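Visitor: I would like a close look at a single part of this structure, namely its salt bridges and the residues around them. Please set that part against the rest of the chain as you go.

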Amino acid sequence: LTDGDRNTAVGYQSFSALTTSGNTGGTAVGYKAGNALTSGGYNTIMGRDSLATATTASSCVVIGDSAMANSPSGVNFSGIIAIGPSAMVDTSSLTNGANNTIAIGSGALNSLTSGARNTAIGYAAGDTLQNGASNTIVGYGCDTDTTGRSDCVIIGDRITLSIASDEVVEIGNATNSMTYDLGGGDITVSSDVRIKKDIEDTKIG
């Protein structure tokens with residue numbers, strides 16, 4: 001750290017590369033936390049190797065062991081919140097198209113490259129998503145069905161989106177769920193004879 005005001009760095013090589021005037025209000029705590037950052041202010045970075053390879057970031061909150069550890073250099077990140085061990089860790093191809101993303105949970109949004117305005121909360125939530133945007137994914141292991149899905153809401157436990165379409169809401173668990181197609185207005189409730197009891201045929205007439 002050679003320039004900047006009101007910064008706090010605690011840990012081996014944390015904020016060790018900051019050199020540009022105007023790098024203000026940053027906090028880095030942990031072994032090599034924010035190690036490669038050369039410019040950017042108002043970041044909160046905590047955890048071993050958190051945001052260790054990115055060179056430019058501002059107004060980001062990165063907390064957790066190896067959170068965003070492999071984000072590329074030369075990309076201007078802004079407004080990203082990544083909290084949890086290995087949150088967004090495998091994002092070596094991440095672009096600033098993913099700015100203003102929120103990932104909370106171990107491995108959340110682990111494969112994201114350019115999708116913007118995504119919110120994923122829960123263990124491995126949204127870890128398939130790459131360039132899809134404006135998704136809200138909440139729950140352990142909840143995910144989209146493909147890398148480019150957008151404008152979906154997925155809430156529950158271990159749900160993978162069951163309708164291959166954007167603008168879908170799905171709520172439930174790995175066995176039963178309800179979906180609502182925001183574009184078409186269709187509602188679907190899962191039905192499986194294997195999970196039902198006392199099934200009888202209905203006689204007509």
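Guide: What follows begins with the overall fold, turns to the charged pairs, and then moves outward to the core, the aromatic pairs and the surface. The model is a predicted one, and its 205 residues include 42% that count as buried. The protein has zero helices and 14 strands, so a plain run of β elements is what one reads along the sequence. Residues 24 or more positions apart supply 1% of the contacts that have a separation of 6 or more. The protein exposes about 9700 Å², of which 49% comes from carbon and sulfur atoms.

Coming to the part you asked about, side chains of opposite charge can pair when their charged atoms come close, and a search of the whole structure finds five salt bridges. Among them is the one between Asp65 and Arg48, in which the closest N and O atoms are 2.8 Å apart. Asp65 is in the loop between E5 and E6, while Arg48 is in the loop between E3 and strand E4 (56-58), so this pair ties together parts that are 17 residues apart in sequence. Arg48 also forms a salt bridge with Asp49, where the closest N and O atoms are 3.3 Å apart. As to cover, Arg48 is partly exposed because its relative accessible area is 40%, and Asp65 is likewise partly exposed, with a value of 31%. Asp49, by contrast, is buried, since its relative accessible area of 18% falls under the 20% cut-off.

A further salt bridge brings together the side chains of Arg149 and Asp145, at 2.9 Å from N to O. Here the arginine is the buried partner, as Arg149 has a relative accessible area of 11%, whereas Asp145 is partly exposed at 30%. Through shared partners, salt bridges join Arg48, Asp49 and Asp65 into one network.

Ser66 is a useful residue for seeing what surrounds that network. Ser66 lies in the loop between strand E5 (61-63) and strand E6 (76-78), and it is buried, with a relative accessible area of 12%. Once its neighbours within four places in sequence are left aside, Ser66 is in contact with Arg48 and Asp49, and also with Ser50, Ser86 and Val89.

Val89 also leads to the nonpolar interior, for it is one of the residues touched by Met68. Not counting residues up to four places away in sequence, Met68 touches Leu51, Ala52, Val62, Ile80, Ala82, Ala87, Met88 and Leu94 as well. The largest nonpolar core has 35 residues, and those that touch the most other members are Leu51, Met68, Phe77, Met88 and Leu94.

Another buried residue to examine is Ile159, which sits in the loop between E11 and strand E12 (168-173). Ile159 counts as buried because its relative accessibility is 2%. Its C-alpha atom is 6.8 Å from that of Gly141, although the two residues are 18 apart in sequence. Beyond neighbours within four places in sequence, the contacts of Ile159 include Gly141, Cys142, Asp143 and Ile154, together with Glu170, Ile171, Gly172 and Asn173.

Loops are also joined by aromatic rings, and the structure holds two aromatic pairs. The ring centres of Tyr12 and Tyr31 are 5.5 Å apart and their planes are at 20 degrees, so this pair is stacked. Tyr12 belongs to the loop between strand E1 (8-10) and strand E2 (27-29), and Tyr31 to the loop between E2 and strand E3 (44-46), so the pair ties together parts that are 19 residues apart in sequence. Tyr31 is partly exposed, with a relative accessible area of 39%. Tyr123 and Tyr140 form a stacked pair too, with 5.1 Å from centre to centre and 20 degrees between the planes. This pair links distant parts of the chain, as Tyr123 is in the loop between strand E9 (119-121) and strand E10 (136-138) and Tyr140 is in the loop between E10 and strand E11 (153-157), 17 residues apart. Tyr123 is partly exposed at 45%, and Tyr140 is partly exposed at 47%.

At the surface, Met178, Tyr180, Leu182, Ile187 and Val189 form a nonpolar patch with about 470 Å² of accessible area together. Strand E13 (177-181) and strand E14 (187-189) each give two or more residues to this patch. Val189, found in strand E14, is exposed, with a relative accessible area of 55%.

Terms used:
Residues are numbered from 1 along each chain as its sequence is written. This is a predicted model: local features need pLDDT of at least 70, side-chain atom pairs count only at pLDDT 80 or more; totals for chains, interfaces and linings use all residues. Side-chain values use heavy atoms; hydrogens and water are left out. Patches are made of residues with over 30% relative accessible area and no salt bridge: like charges are joined within 9 Å, nonpolar side chains (Val, Leu, Ile, Met, Phe, Trp, Tyr) within 5 Å. Accessible areas come from the Shrake-Rupley method with a 1.4 Å probe; for residues, only the protein chains shown count as cover. A salt bridge is a side-chain nitrogen of Lys or Arg within 4 Å of a carboxyl oxygen of Asp or Glu. Helices (H or I, at least four residues) and strands (E, at least two) are DSSP runs, numbered from the N terminus. Buried means under 20% relative accessible area, exposed over 50%, partly exposed in between (1.4 Å probe, protein chains only). Rings of Phe, Tyr and Trp (its six-membered ring) pair if their centres lie within 6.5 Å; planes under 30 degrees apart count as stacked, over 60 as edge-to-face and the rest as tilted. A nonpolar core is a set of buried Ala, Val, Leu, Ile, Met, Phe, Trp, Tyr and Cys residues joined through side-chain atoms within 4.5 Å. Contact means heavy atoms within 4.5 Å.
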